[in-house]
Amino acid sequence: MLNEDKNLKTYYSVREVSEMFGVSDSTLRYWETEFPNLKPRVVQSSRVRMYSAKDLEDLRKIYNLVKVRGFKLAAAKKMLQTNPSGVDRTADMIEKLTSIKEELLKIKAALDNIV
């Protein structure tokens, strides 16, 4: 199957992913040890971690639980095991609400400039 979206990459480096989520490389490596479903591909010749789209989705869920909602790692693991669909819905909802908030702030700034 061809990748028709030229902006969509197959794999992302640990550096790119750490910048996407605003966490350090070491945090990502630590999360790999704590969350068994998070298994990025490691290029053996250079030992560079490469994250797939599935890995990014798993990281989005982990990030939402740990950094956004303030769960401890043990609680986040338990939540991912016991209620994965609830975690998905909550992460999606928070993402949408954050997007709406950013858009509203832009509109407010534009209106403030008019007055």
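I began with Glu32, which at 12% relative accessibility counts as buried, because buried means under 20% relative accessible area. I keep in mind throughout that this is a predicted model.

I then looked up where Glu32 sits, and found that Glu32 lies in helix H2, residues 25-34. Leaving aside residues up to four places away in sequence, I noted that Glu32 touches Leu38, Lys39, Pro40, Arg49 and Tyr51. With one of these, Arg49, there is also a polar contact from side chain to side chain, at 2.8 Å.

Next I turned to the whole chain, and counted 5 helices and 3 strands, which follow the pattern β-α-α-β-β-α-α-α when read along the sequence. The radius of gyration is 17 Å, well over the 13 Å that the globule rule gives for 115 residues, so the chain is more spread out than a compact globule. I wrote beside this that the C-alpha trace spans about 60 × 35 × 30 Å along its principal axes, and that buried residues make up 29% of the 115 residues.

My last entry concerns helix H5, residues 84-114, and its length. At 1.5 Å a residue, its 31 residues should span 45 Å, and I found its end C-alpha atoms 45 Å apart, which agrees. Which residues of H5 are buried? I listed Gly86, Val87 and Ala91, and saw that what covers the buried residues of H5 includes helix H3 (53-68) and helix H4 (73-82).

Terms used. Residues numbered from 1 in each chain as written. Predicted model: local features only at pLDDT ≥ 70, side-chain atom pairs only at ≥ 80, totals over all residues. Heavy atoms only, no water. Helix = DSSP H or I, 4+ residues; strand = E, 2+ residues; numbered from the N terminus. Expected span 1.5 Å × (residues − 1). Buried < 20%, exposed > 50% of the residue type's maximum accessible area, 1.4 Å probe, protein only. Contact = heavy atoms within 4.5 Å. Polar contact = N/O pair within 3.5 Å; in protein donor to acceptor, adjacent residues only side chain to side chain. Rg over C-alpha atoms; globule rule 2.2 N^0.38 Å.
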